[in-house]
Each structure stands twice: as structure tokens, then as C-alpha cells.
Amino acid sequence: MKKTVVIGASTNLDRYSNLVIHRLRAKGYPVVAIGNRTGTIADVDIITEKESMEDVHTVSLYLGAKRQPEYYDYVVSLNPERVIFNPGTENPEFYDILLKNNIKVDVACSLVLLASNQY
């Protein structure tokens, strides 16, 4: 199974990125968590570096548009099938970059997609 990369991961239990990682792992999805600080969510260690990786199906964003430009090239380099822009992360500039690279843009909530079996 291809993995999901969660960008904007936080050990703060009140953050949606934290909750989505717990839900993804509960459903058996492999997850890579990228955040500003190291830590662990469920059984997933948070990394702080933009590591190269293969077999990425989905990137789930939890970063506001102002913080996304430093991730543009990195996300494209992962060659995911789709990028989910969760509420508060909408960014038409990034949509255009992804679409030009044949990466699907999904403006949705990962938690809702998981809860409704549409993930």
C-alpha cells in the first residue's frame, strides 16, 4: 500500500493533523509525518527534514498558504497521486503547480474522507 505524507504534523492532540494521523494508522494506512518539531503520533515519528521517498499516494496538507511555498518543489518531487488541501490550506497558486505536474488537487477534509470511506 502506498503511503500518505502529512505535512504540518503536530504532537498537539487538539490539532487536526494529529487526529488524522491516528485515524490513518487505525485504518492501516502507512504514514510519514513531517512537522516543525520531532515527536511521535500514534506509532509514527515526526521528521523535520524533507526526505526523498517513493510510493507516495497522498500528501495531506496542514499548512497555511503562506507557509507552503517552501514545500512546492518537495511535494512535486514526491510525485503523489493527489494532494489534499484541508480546510484553511487553500492555495490556487499551488493548485496550478500541481495540476501542471499531473497531480490531482483535492480541496477537502482528510478526516471527512476517512469517516465516509472516500479516502
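In this predicted model, Thr89 is buried, with a relative accessible area of 3%, a value that falls under the 20% taken as the limit for a buried residue. Thr89 is placed in the loop that lies between β6 and α3. Its surroundings can be described from two sides. The side chain of Thr89 reaches the backbone oxygen of Asn86 at a distance of 2.5 Å, and, when residues up to four places away in sequence are not counted, Thr89 touches Leu61, Tyr62, Leu63 and Gln68.

The strands on either side of β5 may be considered next. Strand β5, which spans residues 56-61, has 5 of its 6 residues buried, so that β5 is largely enclosed by the rest of the structure. β5 pairs with β1 in the parallel sense over 5 bridges, and within this part of the structure Val6 stands opposite Ser60 of β5. β5 is also joined to β6 by 4 bridges, and these two strands run parallel; here Val59 has Val83 of β6 as its bridge partner. Between these two strands the chain passes from β5 through α2 to β6, in a β-α-β crossover that is right-handed.

Strand β6 is covered on both of its faces, since Arg82 and Ile84 on one side, and Val83 and Phe85 on the other, are all buried. In a regular strand the side chains alternate between the two faces of the sheet. Arg82 of β6 stands opposite Thr58, and Arg82 has a further bridge partner in β7, namely Lys104. The pairing of β6 with β7, a strand of residues 104-107, is in the parallel sense and extends over 4 bridges. The chain crosses from β6 to β7 by way of α3, and this β-α-β crossover, too, is right-handed.

Helix α3, for its part, has Phe94, Tyr95 and Leu98 among the buried residues of the model. Seen down the axis of α3, its buried residues fall within an arc of 105°, so they line one face of the helix. Pro92 and Lys100, on the other side of α3, are exposed. The elements that cover the buried residues of α3 include β5, α2, β6 and β7. After α3 comes Asn102, a residue whose phi is positive, near 60°.

Several of these elements meet in the largest nonpolar core, which has 21 residues, and in which Val5, Ile7, Ile34, Val59, Val75 and Val83 touch the most other members. At least two residues of this core are supplied by each of β1 (3-7), β2 (31-34), β5 (56-61), α2 (72-78), β6 (82-85) and α3 (92-100), and α2 gives the most, with 4 residues. The contacts of Val83, leaving aside residues up to four places away in sequence, are with Val59, Leu61, Val75, Leu98, Ile103, Lys104, Val105 and Asp106. Apart from this core lies another, of 17 residues, which includes Ile21, Val31, Ala108 and Leu111. In soluble globular proteins, nonpolar side chains tend to be buried together.

Ile21, named among the residues of the second core, also belongs to helix α1 (residues 16-26), in which Ser17, Asn18, Val20, Ile21 and Leu24 are buried. When α1 is seen down its axis, the buried residues fall within an arc of 165°, and they therefore line one face of the helix. On the other side of α1, by contrast, Tyr16 and Ala26 are exposed. The buried residues of α1 pack against β1, β2, β3 (39-41), β4 (44-47) and α4 (110-115). Following α1 is Gly28, with a positive phi, near 90°.

Terms used
Residues are numbered from 1 along each chain as its sequence is written. This is a predicted model: local features need pLDDT of at least 70, side-chain atom pairs count only at pLDDT 80 or more; totals for chains, interfaces and linings use all residues. Side-chain values use heavy atoms; hydrogens and water are left out. A nonpolar core is a set of buried Ala, Val, Leu, Ile, Met, Phe, Trp, Tyr and Cys residues joined through side-chain atoms within 4.5 Å. Buried means under 20% relative accessible area, exposed over 50%, partly exposed in between (1.4 Å probe, protein chains only). Contact means heavy atoms within 4.5 Å. The arc is that of the directions from the helix axis to the C-beta atoms. A polar contact is a pair of N or O atoms within 3.5 Å; within protein, one must be able to donate a hydrogen and the other to accept it, and residues adjacent in sequence count only if both atoms are side-chain atoms. Two strands pair if DSSP finds at least two bridges between them. A crossover is right-handed if, with the strands pointing away from the viewer, the path from the first strand over the helix to the second runs clockwise.
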